[in-house]
Structure formats: C-alpha cells, structure tokens
Amino acid sequence: MKTFSFLDRKKNIQQIKNDFFDLAIIGGGINGAGVARNAASRGMKVALVEAEDFAFGTSSRSSKLIHGGIRYLENLDFHLVFEALSERKKLFELAPHLVHPLRFVLPIYKNSRVGMFKMGLGMWLYDALSLFQAPKLHERWGKKETLFHVPMLNNNDLCGSYVYSDAYMDDDRLVIETLRSANELGACCTNYVKVISSEMKEGRLVGLNLKDQINNELFTLKAHHFISTAGPWSDQLAQTLLKKWQSRLRPSKGIHITLKKERLTLPQAVVMAADKDKRIVFAIPRHEMVIIGTTDTDYSEDPHLVRSEIDDINYLLKITDEYFPGAKLQANDILMSYAGIRPLVKDGSATEGTTSREHLIISDSRNLTWVAGGKYTTYRKMAEDSVKATLKFFPKEKQSLFKKSETLNPLNPLASKESLLRAHLLKNKWKNETHLSQEIVENLLEQHGLEAVSLIEKCSKTKQNLSIWEIEAKFAIENTMCLNLLDFFLRRTPLILSQADHGLSIIDPISQLFTQELCWSENERLEQIQKVKDYINNELAWKKSLKTN
Ligand code: FAD
C-alpha cells in the first residue's frame with residue numbers, strides 16, 4: 001500500500017492548492033471516506049478535507065457493530081434491514097481484519113414486551129432478509145441452556161432466549177482503511193483542514209475556502225462539484241456554504257460505557273430491552289473490553305461539545321443491573337465513556353428511537369450534493385448512491401470518461417481473507433529470526449495481516465526493543481496520517497477506551513517516538529500529553545457528580 005503519512009498530507013495540501021478536482025468531499029467520517037473510495041475507483045479526480053482527525057465525529061463513537069438492526073423490524077423498515085444485512089456480508093470480505101462475526105443472545109422474560117412466539121417470527125425474518133447467509137442462523141435456547149451460556153444473566157422469570165448473528169468492528173480503523181484504499185486509487189485526502197467559507201459564482205459553488213488547522217494557513221480548493229458528508233455538522237456546513245438552507249437533521253445523542261472483560265464475562269453479546277422506551281441496549285464483548293450502549297436522546301447543541309452526562313451513565317447502569325444483578329456494577333467499574341451524535345434525518349417521528357435510519361441525498365442546484373443519515377453498516381451503498389447522484393452535475397462527455405465503481409475488493413489486499421490466512425500460517429516463521437516476542441508477532445499479524453511482515457522485518461533488522469504500542473505508533477504515523485497523541489490513543493488504538501489507566505503509563509515512550517518522527521519541541525510534546533489528559537478528564541467529568549450525590 002502507498003504511504004499515508006504527515007509527509008503525504010503536506011503533498012496533498014500542495015496538490016489541493018494547485019489542481020482542479022472533479023469532486024471535492026467535505027468530511028472524513030465513514031461516509032466521506034466511502035464517497036472518496038467510490039469516486040476514485042471510477043477514475044474521478046477527488047479531494048477530501050476533514051476539519052479534525054479522520055473519524056473524529058460519529059464514525060469513532062458508534063456501538064462498533066456491523067448489523068442489520070434487528071430492532072428496525074418492529075418499525076417495519078424491511079428495506080433498511082435487507083440492505084444492511086447484504087452490506088454486512090460484503091464487509092466480512094472487504095475488511096476481515098476489522099469486521100468480526102459475533103453471536104447475540106436476546107433473553108425473553110415473562111413480562112417482555114415481545115414474547116417468545118413473536119420474537120421467533122422476527123428471527124426467521126432476520127435470517128430470511130439475509131437470504132440465509134448469516135455467519136450462523138438463529139437458534140432458540142431454553143432457560144437452562146441460556147443460563148449455561150450466560151450464567152450471569154438474571155434468571156427471574158426467564159423463559160429462554162434467541163441467539164442470532166451480527167458483527168463487531170473497529171469503526172475508526174475502518175474509516176482509515178477506507179481512506180487508505182481511496183489514497184491507493186489516487187484520491188487526495190487530508191485531515192485537519194477545515195472548510196470555513198465558500199466561493200460562489202453566478203449562484204453556484206465553485207470553491208471552498210480552507211484553513212489548515214495545524215499552521216492556520218488559508219487556501220482554496222477548486223472543483224467541478226462538491227459533496228457534503230459532514231455527519232451531525234451537515235446543516236451547519238450547508239448554512240455556511242449556501243447561506244439559505246432549511247435544516248434537515250434531527251440529531252440524536254448516544255453514549256457508551258466500557259468495562260474490563262473480567263468485570264462482565266460474556267461469551268456472546270447480550271441484547272437488553274429497555275421495554276418502557278421500546279429501545280434496546282447491547283452488552284458487547286470484544287477482544288479488549290466490553291462495551292455497553294447506547295442511549296438515544298434529542299440533541300441540539302454544538303456537536304463538538306457532546307459528552308456523557310451522569311443521567312446517561314445511570315440509564316445504562318440501571319438496565320445492565322436489571323439483566324446482570326449479580327455483577328453489582330457500579331459507576332466506578334466504568335473504564336471510560338464516549339458520546340456521539342446520530343445525524344438522523346427529520347421524518348416527523350414522535351421519538352428519536354423511531355426516527356428512520358434511512359439516508360437522504362439532496363442534489364442542490366447551487367452545485368452541492370448533500371448526504372446525511374443512514375448507518376455505518378450501509379456506508380458503501382450510501383457512497384454508491386451519493387456518487388451516482390453527483391454524476392448529473394457533469395457534462396455528458398465527462399460522464400462517459402468515468403468508469404463504473406469498483407468497491408467490492410478488499411480495502412487492503414494485504415489484509416484480505418486470503419492474506420489473513422497466510423499471515424496466520426506465518427506465526428511461527430520468526431521464532432528464531434526476531435527478538436520480538438511471539439505475542440507481539442502474533443498480535444501484529446492478526447491486526448494487520450501480511451502488512452505486518454514488513455513491520456516485523458524492519459524491527460528485527462534494527463533490533464530496537466519496541467513495545468507493541470511503539471510499533472503501532474510508528475505504523476500509525478507512516479500509514480494513517482496520525483498527527484497527534486490523542487488521535488493515536490483514541491482512534492488508532494483502543495488504549496483510552498480499554499485500559500484502566502487509558503494508556504497513560506506508556507504515554508512517555510510513545511510521545512518520545514512521536515517527537516522523533518514529527519520533530520516536536522519538548523513544549524509541544526508536553527502539550528500533546530496534556531491534551532490526552534484533558535480529553536479523558538472532560539469525558540469523565542460525570543464522575544464529579546458521583547462524589548457530590
Ligand atoms: P461523521 O463520522 O460525523 O463525519 C463527519 C465529519 O465531517 C466529521 O469528522 C467532522 O469533523 C467533519 N466536518 C464537519 N464540518 C466540517 C468542515 N467545516 N470542514 C471539514 N470537515 C468537517 N451505525 C452502525 O451501522 N452500527 C452501529 O453500531 C452504530 N452505532 C451508533 C451508535 C451511536 C451512539 C451513534 C451516534 C451512531 C451509531 N451508528 C451506528 C451510526 C453511524 O455511526 C453513523 O451513521 C456514521 O458514523 C455517520 O458517519 P458520517 O461520515 O456521516 O459522519
């Protein structure tokens with residue numbers, strides 16, 4: 001794969017200043033990344049600018065599930081579920097290192113709003129809508145079997161459970177792998193470049209005025225057509241660009257909490273019903289931690305300010321306690337919380353939970369395609385629809401030069417299913433050839449497939465005694481345009497979310513490595529460390545109300 005580093009960022013900014021693009025994309029979350037990959041695969045000349053780090057917005061704050069959305073069956077959103085299940089199947093092939101099958105247990109109690117029979121029908125429908133292509137079809141477990149598999153579950157009035165398949169993933173890394181694939185196809189992408197205003201000519205958008213958030217430099221991006229994939233910032237951005245804009249979003253806040261795996265031992269994910277609100281909350285075991293979430297409440301403030309509040313935390317703790325009373329979970333067991341905003345599209349629904357997850361594409365005659373809504377799971381399809389919608393803004397002769405999109409290949413050929421298999425077979429190869437521990441070698445191969453080979457070889461040549469996180473940091477700087485410590489600790493690795501100390505015990509060596517690679521001064525290094533601490537303190541500010549309560 002081509003490099004995608006801070007040096008490439010400099011080159012890309014230079015290119016943005018000099019060139020004229022077919023398509024300019026605003027926003028580097030999963031939808032912007034998907035659009036960049038799709039458009040570049042057609043041979044379009046593409047630029048993408050992201051105001052913060054890639055995946056800074058909703059795309060690093062999801063439940064990290066690739067799922068059909070079993071609960072949307074109740075809203076009769078069959079089209080959405082069918083589409084999402086079909087995309088789920090494709091994502092297993094596209095990014096097998098980041099999307100992993102997971103079984104979900106849905107317990108049914110005597111007083112559950114949906115009983116055994118109706119839930120059984122839902123399960124058949126879910127499997128049918130996946131064209132029976134789920135990693136494993138659903139099963140029905142009796143009470144005994146349910147408790148055998150999930151012994152910590154509340155057994156009072158338990159009738160049994162249904163078990164079905166979906167998947168968990170690394171949302172932030174999937175954005176970056178999608179962008180790396182777009183980069184490979186020639187897209188010119190950069191983070192920390194914010195769109196601050198527009199250049200209009202005869203009522204049409206012709207350029208974007210940009211600010212480099214690192215050195216405050218101002219410059220302009222010129223393109224034939226523009227597309228907004230700004231997630232919860234979409235209305236705000238359209239108002240900045242076009243002035244007259246009728247808001248379309250109904251933003252909804254969702255938070256998650258993370259726990260040590262040992263604190264809630266779960267072999268499968270558990271679906272917990274908040275019957276009163278007709279909502280469900282997941283308890284999701286992953287490689288590194290358990291995630292519990294999410295909430296769903298209307299949100300009208302600046303998306304930058306979103307954070308978990310004590311009421312959100314109590315909501316999640318209460319429902320978890322109902323399902324796992326023996327665990328006696330307390331707020332102090334929580335490792336970390338995180339909060340995001342769903343960029344839902346207004347559809348006149350009574351509640352946030354029933355607002356549709358379908359996406360909306362608006363072709364504005366002022367030369368802007370505006371995309372919002374949808375789910376992470378369906379990003380590839382949403383990107384296909386969005387790029388198709390931009391084509392009518394190009395003259396016929398130009399359209400005929402664009403190819404059909406090609407987005408069904410693995411995002412990273414070195415981490416395709418076949419490459420992962422080959423990487424697995426290489427696990428023992430280095431036993432006598434590297435000073436790195438077997439655990440590190442195995443971890444790197446699992447995380448990066450065959451891309452780990454050059455990492456291991458480089459480390460072995462220099463005989464440097466690096467920890468796995470230092471190796472990951474080098475990789476992140478060279479291949480993921482990682483510019484800051486916070487971006488590394490939060491969006492390139494799960495350190496902040498999954499470690500009791502949020503990774504602070506290793507921040508010194510990691511910051512030294514960044515200092516060397518990115519030529520920071522000592523002051524910059526200390527500022528970067530402080531930013532990580534500030535982030536953690538701000539997100540965990542709800543802990544202060546524990547002491548005062
Ligand atoms: P974002 O990821 O928010 O990206 C928009 C980007 O635009 C941001 O990075 C922002 O910095 C940038 N931007 C804004 N203004 C500017 C500007 N002026 N200049 C340049 N850049 C700008 N979906 C699933 O399929 N599975 C799940 O498990 C799931 N769980 C969820 C849980 C929660 C709590 C939430 C909130 C959502 C969840 N979703 C899930 C939905 C999914 O996460 C979102 O639909 C998706 O991430 C939206 O991506 P996006 O690219 O549209 O927005």
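**The ligand shell and the cysteines**

Student: Which helices and strands each supply at least two residues of the shell around the ligand?

Tutor: The model discussed here is predicted. One helix and several strands each give at least two residues to the shell around the ligand. They are α2 (30–41), β8 (193–201), β11 (252–259) and β16 (336–342).

Student: How many residues of the shell around the ligand are nonpolar, polar and charged?

Tutor: The ligand has 39 residues around it, and Asn31, Glu50, Ser59, Leu65 and Thr377 come nearest. By class, the shell divides into 14 nonpolar, 18 polar and seven charged residues.

Student: Which residue has a backbone N or O atom 3.0 Å from a nitrogen atom of the ligand?

Tutor: Two side chains may be set aside, as they face oxygen atoms of the ligand: a polar side-chain atom of asparagine 31 lies 2.8 Å from one, and an N or O atom in the side chain of threonine 377 is 2.7 Å from one. The backbone atom 3.0 Å from a ligand nitrogen belongs to valine 195.

Student: What share of the ligand's exposed area does the protein bury?

Tutor: The reference is the ligand taken alone, which exposes 1000 Å². Of that area, the protein buries 95%.

Student: Why is cysteine 519 in no disulfide with cysteine 482?

Tutor: A disulfide is a covalent bond between the sulfur atoms of two cysteines. A search of the whole structure finds zero disulfides. Cysteine 482 is buried at 0% relative accessibility, whereas cysteine 519 is exposed at 66%. The sulfur of cysteine 519 is too far from that of cysteine 482, its closest cysteine sulfur, for a bond, because the distance is 15 Å.

Methods. Residues numbered from 1 in each chain as written. Predicted model: local features only at pLDDT ≥ 70, side-chain atom pairs only at ≥ 80, totals over all residues. Heavy atoms only, no water. Near = heavy atom within 4 Å. Polar contact = N/O pair within 3.5 Å; in protein donor to acceptor, adjacent residues only side chain to side chain. Areas by Shrake-Rupley, 256 points an atom, 1.4 Å probe, with all protein chains shown as cover. Helix = DSSP H or I, 4+ residues; strand = E, 2+ residues; numbered from the N terminus. Nonpolar A, V, L, I, M, F, W, Y, C, P; charged D, E, K, R; others polar. Disulfide = S-S within 2.5 Å. Buried < 20%, exposed > 50% of the residue type's maximum accessible area, 1.4 Å probe, protein only.
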